[in-house]
Amino acid sequence: MNANSFRHLYAYHYSENRKMWDSGIALLSDEQFVQASPYSRGSVREQVIHLMRVDDAWFTDVSGEAYLFKGAEALSDRDAIRAYGDVVEEKVRAYLATLTDDMLFTKPITDGEEEDKDVLLWQVLIHVMNHGTDHRAQILRLLNDFGVQTESQDYIFYVYENPLE
């Protein structure tokens, strides 16, 4: 793995987030969007906020940039949630634009949890990607339950259309 590989993986990550939003979440009624679910983080709304908030939190830890999340109550509607996600994506992409191969083997967490002090940057980057895949799968299941046609989020399909340069 190198820095360019991680930029590619995150391009996939955000492509899948946008696809899920545009072809799924946008089709839900307001009631469906906030309908409680007993699994994981709850409603589609809560799952999406969680997905974005975790990206924000980890990239705050590794970049030293400000944490953008102001609380779920500040995200009053889908437009506000989507705007927050767009700003988080910009923050992550800006950080990744500065990423070098050598940085991947550093220990970037200096004032976080004690358990994170020995985690290498490449491990954080993979964790955040894996977390996103997990929660997209949960959201896709909820969308399916609401009758929304969902598509595969398999990375290989992204690779076929976006080969690594």
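Mentor: A surface patch is made of residues with over 30% relative accessible area and no salt bridge, and nonpolar side chains are joined within 5 Å. Keep in mind that the model before us is predicted.

Trainee: Which residues make a nonpolar surface patch here?

Mentor: Phe105, Trp122 and Ile126 make one of about 290 Å². Ile126, which sits in helix H5 (residues 121-145), has a relative accessible area of 36% and is therefore partly exposed.

Trainee: Turning to the interior, how many cavities of 30 Å³ or more are there?

Mentor: The general idea is that rolling a probe the size of a water molecule over the atoms shows where empty space is left. In this structure the count comes to two cavities of 30 Å³ or more, and the largest cavity holds about 170 Å³ of space. Its lining has 15 residues, of which Tyr14, Asn17, Arg18, Met52 and Gly85 are the closest to its centre, while helix H1 (3-23), helix H3 (44-63) and helix H4 (78-97) are the elements that give two or more residues to that lining.

Trainee: How do the residues of the lining of the largest cavity divide into nonpolar, polar and charged?

Mentor: Eight of them are nonpolar, two are polar and five are charged.

Trainee: And what lines the second largest cavity?

Mentor: The second largest cavity, with about 100 Å³ of space, is lined by 14 residues, and Lys19, Met20, Ser23, Leu140 and Glu151 lie nearest its centre. H1 and H5 each supply at least two residues of this lining, H1 giving the most with four residues. The lining of the second largest cavity divides into four nonpolar, six polar and four charged residues.

How values were computed: Residues numbered from 1 in each chain as written. Predicted model: local features only at pLDDT ≥ 70, side-chain atom pairs only at ≥ 80, totals over all residues. Heavy atoms only, no water. Patch = residues over 30% accessible without salt bridge, like charges linked within 9 Å, V, L, I, M, F, W, Y side chains within 5 Å. Areas by Shrake-Rupley, 256 points an atom, 1.4 Å probe, with all protein chains shown as cover. Salt bridge = Lys/Arg side-chain N within 4 Å of Asp/Glu carboxyl O. Buried < 20%, exposed > 50% of the residue type's maximum accessible area, 1.4 Å probe, protein only. 1 Å grid on protein atoms, 1.4 Å probe; cavity = no way out; pocket = protein on both sides within 12 Å on 5 of 7 lines; lining within 4 Å. Points joined across faces, edges and corners; volume = space filled by probe spheres on them. Nonpolar A, V, L, I, M, F, W, Y, C, P; charged D, E, K, R; others polar.
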